[in-house]
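Student: I have a structure open in front of me and would like to learn how to read it, one feature at a time. Could you take me through it slowly?

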Amino acid sequence: MSDLAAVWSPNAQTPQQRNEPVDQMLLLQDEIDECALREQGVYARIGREAWPRIADDPALGELARELQDAQAQLAAAREKLAAAQAEQEERERQERERQVVPKCSACGVSIDPSMKFCPGCGQKVSAHAKAFCPECGCETQPGALFCSECGYRLNA
């Protein structure tokens, strides 16, 4: 803990309880930090704009290599992130496909349990519409947690 933070109490109510010079110093330190951050941003913008004009300068060889390394690492990290995101999306897609899908007992069209009538044949949807295991395709029992044929865990 810094010396400034040790004597400053955000809960102090009276000037005697608070050390006002310390409060002022903390405010000034915040202002300095904000200015330094803004300065870094300006330097970064200057560098991005100037770099294409000076990148081939031999005096900047080490900096150029350092920038190229940083850019290569950034590109590799972005590629890894994109691959991880694609893998996650594929896992989620596969999981959605594996969900137990109720089907109309008359025509076999996939139905939503909230439907009152089958969109395929118009028959009234019963509360016990057939459902099939996404793994083996066998009919499953209503409320079953596992397929009785292959043992696949159902997400009923």
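Tutor: We will go from the overall layout to the surface and then to single residues.

Tutor: Please keep in mind throughout that this is a predicted model.

Student: Then let me begin with the layout: how many helices and strands does the protein chain have, and in what order do they run?

Tutor: A good habit is to list the elements before looking at any side chain. Here the protein chain has 3 helices and 3 strands, and read from the N terminus on, the elements follow the order α-α-α-β-β-β.

Student: How should I judge the chain as a whole, and what share of its residues is buried?

Tutor: Of the 156 residues in the protein chain, buried ones make up 13%, where buried stands for a relative accessible area under 20%. The accessible surface of the chain comes to about 12,400 Å², and 53% of that surface belongs to carbon and sulfur atoms. You can also look at contacts along the sequence: among those between residues at least 6 apart, 22% join residues at least 24 apart.

Student: Let me turn to charged side chains. How many salt bridges does the structure hold, and which residues form them?

Tutor: The general idea is to look for a side-chain nitrogen of Lys or Arg within 4 Å of a carboxyl oxygen of Asp or Glu. The structure holds 2 salt bridges. One of them pairs Glu62 with Arg65, whose closest N and O atoms are 3.2 Å apart, and the other brings together the side chains of Glu90 and Arg93 at 2.4 Å, N to O.

Student: Where do Glu62 and Arg65 sit relative to each other on their helix?

Tutor: Both belong to helix H3, which covers residues 61–98, and because Glu62 and Arg65 are 3 residues apart there, about one helical turn separates them. Glu90 and Arg93 repeat the spacing, as they also lie in helix H3, 3 residues apart, or about one turn of the helix.

Student: Are the residues of these pairs buried or exposed, taking Arg65, Glu90 and Arg93 as examples?

Tutor: The answer lies in between, for Arg65 has a relative accessibility of 45% and therefore counts as partly exposed. Glu90, at 32%, counts as partly exposed, and Arg93, likewise at 32%, counts as partly exposed.

Student: Which residues form the negative surface patch?

Tutor: To read such a patch, we look for accessible residues of like charge that take part in no salt bridge. In this structure Asp30, Glu31, Asp33 and Glu34 form a negative surface patch. Take Asp33 from among them: Asp33 is found in helix H2, residues 20–54, and its relative accessible area of 41% is why Asp33 is called partly exposed.

Student: And which residues form a nonpolar patch on the surface?

Tutor: That patch consists of Val42, Tyr43 and Ile46, which together have about 300 Å² of accessible area. Tyr43 lies in helix H2 as well, and because its relative accessibility is 55%, Tyr43 counts as exposed.

Student: Now for the parts beyond the helices: where is Pro113, and what lies 13 residues away from it?

Tutor: Pro113 lies in the loop between strand S1 (101–103) and strand S2 (130–132), and at 65% relative accessibility Pro113 counts as exposed. Pro113 and Ser126 are 13 residues apart in sequence, while their C-alpha atoms are 8.9 Å apart in space. The loop between S1 and S2 also holds Ser105, which is partly exposed at 40% relative accessibility, and the C-alpha atoms of Ser105 and Cys118, 13 residues apart along the chain, are separated by 9.4 Å.

Student: Finally, with which residues is Cys150 in contact?

Tutor: Cys150 is found in the segment after strand S3 (139–140) and counts as partly exposed, at 39% relative accessibility. Once its neighbours within four places in sequence are left aside, Cys150 is in contact with Cys133, Glu135 and Cys136. Measuring from C-alpha to C-alpha, Cys150 and Gly137 are 9.5 Å apart in space and 13 residues apart in sequence.

Definitions and conventions. Residues numbered from 1 in each chain as written. Predicted model: local features only at pLDDT ≥ 70, side-chain atom pairs only at ≥ 80, totals over all residues. Heavy atoms only, no water. Patch = residues over 30% accessible without salt bridge, like charges linked within 9 Å, V, L, I, M, F, W, Y side chains within 5 Å. Areas by Shrake-Rupley, 256 points an atom, 1.4 Å probe, with all protein chains shown as cover. Lys, Arg positive; Asp, Glu negative; His and termini not counted. Charge placed at Lys NZ, Arg CZ, Asp CG, Glu CD. Helix = DSSP H or I, 4+ residues; strand = E, 2+ residues; numbered from the N terminus. Buried < 20%, exposed > 50% of the residue type's maximum accessible area, 1.4 Å probe, protein only. Contact = heavy atoms within 4.5 Å.
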